[in-house]
Amino acid sequence: MVAHSKVEADNAVVERRSQRQEVSNADRSHIQPARAIHNCPGHPLPAAQLGDTHFRTFRSQSDFTIITKTSSMLDNCGFYWGPMSVNVAHEKLRQEPVGTFLIRDSRQKNCFFTISVKAASGPISVRIHFQAGKFSLDGSKDSFNCLFQLVEYYLLSSKKMLSFPLRKVRLRPLQELCRKSILTTFGRQNLDRIQVNRVLKDYLKSFPFQI
């Protein structure tokens with residue numbers, strides 16, 4: 001009887017532990033990674049998660065939308081390198097031709113992105129400010145509604161601050177080269193006048209920049 005009672009007691013303990021484990025696993029399944037939660041208006045991060053990002057809170061839904069769209073386009077542009085220290089960025093550019101550039105995440109609390117470029121004197125980095133829905137380079141009065149308009153401006157400018165993006169994959173797809181050629185010929189303001197089917201037109205508009 002004693003042995004039988006002990007077995008029943010042990011089984012009860014094991015069952016309770018199993019139930020607690022199931023509850024614990026169920027709770028964890030509903031926890032979202034801190035990095036997956038966007039710091040957007042109306043969705044403040046819990047205090048325990050604030051350390052996961054150095055970026056400031058968005059001031060408006062409009063700012064959140066612009067940065068979200070910009071980040072998506074950066075992921076597909078080929079010359080965005082994500083988190084990267086200034087030393088690593090400069091080392092990548094050191095042997096490249098003057099004017100070669102890349103975009104990376106900024107480590108400054110008040111900036112999202114930084115552009116690193118090979119200047120005549122060597123690689124340098126310039127912060128890209130985002131304020132009131134516009135992008136501008138640190139120290140410049142010129143501002144743009146889109147980050148890629150900023151890059152395009154300095155690519156086409158007579159000052160030739162930028163010349164070639166440093167892409168992760170050097171060999172570009174033929175369709176990207178064709179899109180750039182069409183945009184160079186017609187300009188993005190005339191894309192609707194080009195007689196192509198909807199699929200091709202949508203592709204042209206997905207990245208309407210001469211970069």
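**Exercise 1. The largest nonpolar core**

Task: In this predicted model, which residues touch the most other members of the largest nonpolar core, and which elements give two or more residues to this core?

Solution:
- Step 1. Start with the members. The largest nonpolar core has 31 residues, and Ile103, Phe113 and Phe148 touch the most other members.
- Step 2. Now look for the elements behind it. Two or more residues come from each of helix 2 (61-77), strand 1 (100-105), strand 2 (113-119), strand 3 (122-131), strand 4 (134-137) and helix 4 (147-156).
- Step 3. Pick out the top contributor. Helix 4 gives the most to this core, namely six residues.
- Step 4. Zoom in on one member. Leaving aside neighbours within four places in sequence, Ile103 is in contact with residues including Leu74, Trp81, Phe113, Ile115, Leu147 and Val151.
- Step 5. Check for another core. There is a second, separate core of six residues, and Trp81, Ala89, Leu93 and Leu102 are among them.

**Exercise 2. Helix 4 under cover**

Task: How many of the residues of helix 4 are buried, and what covers them?

Solution:
- Step 1. Count first. Seven of the 10 residues in helix 4 are buried, so by the under 20% cut-off this helix is mostly covered.
- Step 2. Name them. The buried residues of helix 4 are Leu147, Phe148, Leu150, Val151, Glu152, Tyr154 and Leu155.
- Step 3. Find the cover. It includes helix 2 and strands 1, 2, 3, 4 and 5.

**Exercise 3. Two residues of helix 2 and one from a loop**

Task: Is Thr70 buried or exposed? Is Asp63 buried or exposed? Is Val169 buried or exposed?

Solution:
- Step 1. Place Thr70. Thr70 sits in helix 2, and its relative accessible area is 6%, so Thr70 is buried.
- Step 2. See what surrounds Thr70. Not counting residues up to four places away in sequence, Thr70 touches Phe113, Phe135, Leu147 and Phe148. A polar atom of the Thr70 side chain also lies 2.8 Å from the backbone oxygen of Ile66.
- Step 3. Turn to Asp63. Asp63 lies in helix 2 too, and with 10% relative accessibility it counts as buried. Apart from residues up to four places away in sequence, Asp63 touches Phe58, Phe130 and Gly133.
- Step 4. Finish with Val169. Val169 is in the loop between strand 5 and helix 5 (174-186). Its relative accessible area is 58%, so Val169 is exposed.
- Step 5. Follow the chain. Val169 and Gly78 are 91 residues apart along the chain, yet their C-alpha atoms are separated by 7.0 Å.

**Exercise 4. The second largest pocket**

Task: Which residues lie closest to the centre of the second largest pocket?

Solution:
- Step 1. Take the volume. The second largest pocket holds about 300 Å³ of space.
- Step 2. Look at the lining. It is made by 16 residues, of which Ser163, Phe164, Pro165, Arg167 and Lys180 are the closest to the centre.
- Step 3. Link the lining to elements. Helix 4 and strand 5 (164-165) give two or more residues to it.

**Exercise 5. Reading the confidence**

Task: Where in the chain is confidence lowest, and where is it highest?

Solution:
- Step 1. Begin with the whole chain. The mean pLDDT is 79, and 73% of the residues reach 70 or more.
- Step 2. Compare the elements. Confidence is lowest in helix 1 (residues 2-29), with a mean of 45, and highest in helix 3 (residues 86-93), at 97.
- Step 3. Inspect the weak stretches. Residues 1-14 have pLDDT below 50 and zero contacts in the model beyond near neighbours in sequence. Over residues 17-53 the pLDDT stays under 50, and the model has 22 contacts beyond four places in sequence for this stretch.

Technical notes: Residues are numbered from 1 along each chain as its sequence is written. This is a predicted model: local features need pLDDT of at least 70, side-chain atom pairs count only at pLDDT 80 or more; totals for chains, interfaces and linings use all residues. Side-chain values use heavy atoms; hydrogens and water are left out. A nonpolar core is a set of buried Ala, Val, Leu, Ile, Met, Phe, Trp, Tyr and Cys residues joined through side-chain atoms within 4.5 Å. Buried means under 20% relative accessible area, exposed over 50%, partly exposed in between (1.4 Å probe, protein chains only). Helices (H or I, at least four residues) and strands (E, at least two) are DSSP runs, numbered from the N terminus. Contact means heavy atoms within 4.5 Å. A polar contact is a pair of N or O atoms within 3.5 Å; within protein, one must be able to donate a hydrogen and the other to accept it, and residues adjacent in sequence count only if both atoms are side-chain atoms. pLDDT is the predictor's confidence in each residue, from 0 to 100. On a 1 Å grid over the protein atoms alone, a cavity is a set of points where a 1.4 Å probe fits but cannot get out, and a pocket is an open set with protein on both sides within 12 Å along at least five of seven lines; lining residues have an atom within 4 Å of a point. Grid points are joined across faces, edges and corners, and a volume is the space filled by probe spheres set on the points.
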